[in-house]
Amino acid sequence: MTVQKFLHTVDGISTWVGKAAAWLIIVLMTVVCVEVFKRYIMNMPTSWIFDLNNMLYGSLFMLCGAYTLAQNAHVRGDFLYSSMRPRTQAFLDLILYFVFFIPGILALCYAGYYFAQESWRIAEHSNVTADGPPVYHFKSIIPIAGALIMLQGVAEIVRCVVCLKEGEWPSRLKDVAEIDVIEEQLAHSEYVDEESRKIAIEGAQKIDEAARQRGMGSELQS
């Protein structure tokens, strides 16, 4: 297996898990809507709904961590980082991965495993309400998410090494991006000619304007 294929394979795993976990948003929205109807229309509130909402959102948040890392989309204070050369960026990233990322994620996996193990052993239930739902399956997500983030972290470390050797970042698996992100990338890309850049930016702006007009039309109708 080549290095690039390894990187894209890990990216693909993280992307698949992230997109699968994203469906929990639909489940969460459905649960909230049903509970609002039951609580305020039928006067039949569910005591454990708060626990369920927390578990759904917590699972979504944790399982999408590796996907976000694969897309290089975690929050970064890049007012200096973005102006650095690729090799300098890779060197800085490599230091931070070994100093902060690896110890932190190893601690998450280690602690999460024992939290989950103990929770399964005692068949733990939530104590927020008298008849709280089980939480051992939810706590099992902690070491699983940690392992996925660690796998993606290994791929990111390999990316740094490749960048240090070759002077440029290896490619990532592409996915959807915000229009303003696309515009910024096109505006600063060295590999797009001026005419193509202009056409692409104008197209993105037209899409943005059409979406804005649809939004204004909906507001006027309401």
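**View 1. The whole chain and its surface.** The chain exposes about 15000 Å², and carbon and sulfur atoms supply 65% of that area (Shrake-Rupley method, 1.4 Å probe; for residues, only the protein chains shown count as cover). This is a predicted model: local features need pLDDT of at least 70, side-chain atom pairs count only at pLDDT 80 or more, and totals for chains, interfaces and linings use all residues. Residues are numbered from 1 along each chain as its sequence is written, and side-chain values use heavy atoms, without hydrogens and water. Of the 222 residues, 32% count as buried (under 20% relative accessible area, 1.4 Å probe, protein chains only).

**View 2. The helices.** The chain holds nine helices and zero strands (DSSP runs numbered from the N terminus; helices are H or I of at least four residues, strands E of at least two).

**View 3. Helix H2, residues 24-40.** Its 17 residues should span 24 Å at 1.5 Å a residue (1.5 Å times one less than the number of residues). The end C-alpha atoms are 24 Å apart, which agrees.

**View 4. The buried side of H2.** Leu28, Val31 and Glu35 are buried in H2. They lie on the same side of H2, because they cover an arc of only 65° around the axis (taken from the directions from the helix axis to the C-beta atoms). An α-helix has 3.6 residues a turn, so residues three or four places apart point the same way. Helix H3 (49-63) is included in what covers the buried residues of H2 (contact: heavy atoms within 4.5 Å).

**View 5. Cysteines.** The chain has zero disulfides (pairs of cysteine sulfur atoms within 2.5 Å). Cys163 is in no disulfide: the nearest cysteine sulfur, that of Cys160, is 7.4 Å away. Cys163 counts as buried, at 0% relative accessibility.

Technical notes:
Buried < 20%, exposed > 50% of the residue type's maximum accessible area, 1.4 Å probe, protein only.
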